[in-house]
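This briefing covers salt bridges, one helix, the nonpolar core and a surface patch. Please view the structure alongside the notes that follow.

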Amino acid sequence: MADERSYEEYVGEKTPAEIEEAAKGNMTLLRHLDELRSRLIYSIIAIAIGSGICYFFIEDIMHYLTIPAGKLYYMQPAEAFFTYMKVSFFAGFLLAMPVILYHVWRFFLPALTGKERFLIGLVVPISAGLFFMGLAFAFFFVLPAGIKFFLGFGNADLQPLLSIGKYLDFVIAFVLPFGFIFELPLIIVILAKMGFVTSAFLRKKRKIVIFLTFVIGAVISPTPDVFSQSMIAVPMILLYEISVFIVRFVLRK
């Protein structure tokens, strides 16, 4: 057809400068894709190494994970093995997180200005620190209280028989959200620093925030009871109040 042209005819209509610019664009895209592939490979290797290290110490890890519940059982022949593999991968991912965050930062580094590099270099370690603080807070303070509450329903006629697989699923689903919840002050401080929110705005929206925290607690809680919902919502409210204090008295916004 008349409108169908060969690549040579199409290129022949372009100036040498346009051809060179298009070639540079293609080369840049290929370099970005190659860089992304390399960063992903490094991150996967870091997770694999971390998982291998954690599997080597899996007995110690399982000992500390099962302290809140005591003696556990496995109901299927392969349940303990797959639970060990799941815990090794999850712990290995947490162990490799600094490496993963480093490669994420390095991937976006060329596109950032000097000031942006400084801010990202500051925010990333703070974010990782808050994430691990959330996990530690949940595991050492919230999880034991939750396990004690649920096991308290047992009696002489109703004895708990906890499966290792179900228990670890409960622990991960209960502890992991706290890592993200503890990012709340950092997010609010960044928004305040950028001028999107002020302390007056945050105080004005306090009632809505309290309501939303309980809604979020109900959604992400591993069990549909009020206790688990409150155990997630109350720390969120406290972190919100800390954020308001920082924005008002530290940033003076």
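Ser38 counts as partly exposed because its relative accessibility is 21%, where buried means under 20% relative accessible area, exposed over 50% and partly exposed in between (1.4 Å probe, protein chains only). The model is predicted, so local features need pLDDT of at least 70 and side-chain atom pairs count only at pLDDT 80 or more, while totals for chains, interfaces and linings use all residues. Residues are numbered from 1 along each chain as its sequence is written, and side-chain values use heavy atoms, with hydrogens and water left out.

**Ser38 and its surroundings**
- Ser38 is part of helix H2; helices (H or I, at least four residues) are DSSP runs, numbered from the N terminus.
- Between the C-alpha atoms of Ser38 and His103 the separation is 9.2 Å, although these positions lie 65 residues apart along the chain.

**Salt bridges**
- The model has four salt bridges, each defined as a side-chain nitrogen of Lys or Arg within 4 Å of a carboxyl oxygen of Asp or Glu.
- One of them joins Arg39 to Glu35, with the closest N and O atoms 2.8 Å apart; both residues lie in helix H2, four residues apart, about one turn of the helix.
- Arg39 is buried at 15% relative accessibility, whereas Glu35 is partly exposed at 27%.
- Another pairs Lys86 with Asp169 at 2.6 Å, N to O, linking helix H4 to helix H6 across 83 residues.

**Helix H4**
- H4 (residues 79-108) contains 30 residues and spans 41 Å from first to last C-alpha, close to the expected 44 Å, which is 1.5 Å times one less than the number of residues.
- At Ala96 the helix bends by about 50°, and Pro98 follows within four residues; the bend is the angle between axes fitted to the seven residues ending there and the seven starting there.
- Buried residues of H4 include Ala96, Met97 and His103.

**Nonpolar core and surface patch**
- The largest nonpolar core (buried Ala, Val, Leu, Ile, Met, Phe, Trp, Tyr and Cys residues joined through side-chain atoms within 4.5 Å) has 31 residues, and Met62 and Leu143 are among those with the most contacts inside it.
- H6 gives the most to this core, with nine residues.
- Ile41, Tyr42, Ile45, Ile49, Ile53, Phe56, Phe57 and Leu95 form a nonpolar surface patch with about 810 Å² of accessible area together; such patches join nonpolar side chains (Val, Leu, Ile, Met, Phe, Trp, Tyr) within 5 Å, from residues with over 30% relative accessible area and no salt bridge.
- Accessible areas come from the Shrake-Rupley method with a 1.4 Å probe, and for residues only the protein chains shown count as cover.
- Helix H2 (residues 16-56) supplies the largest share of the patch, six residues.

How values were computed
Patch = residues over 30% accessible without salt bridge, like charges linked within 9 Å, V, L, I, M, F, W, Y side chains within 5 Å. Helix = DSSP H or I, 4+ residues; strand = E, 2+ residues; numbered from the N terminus.
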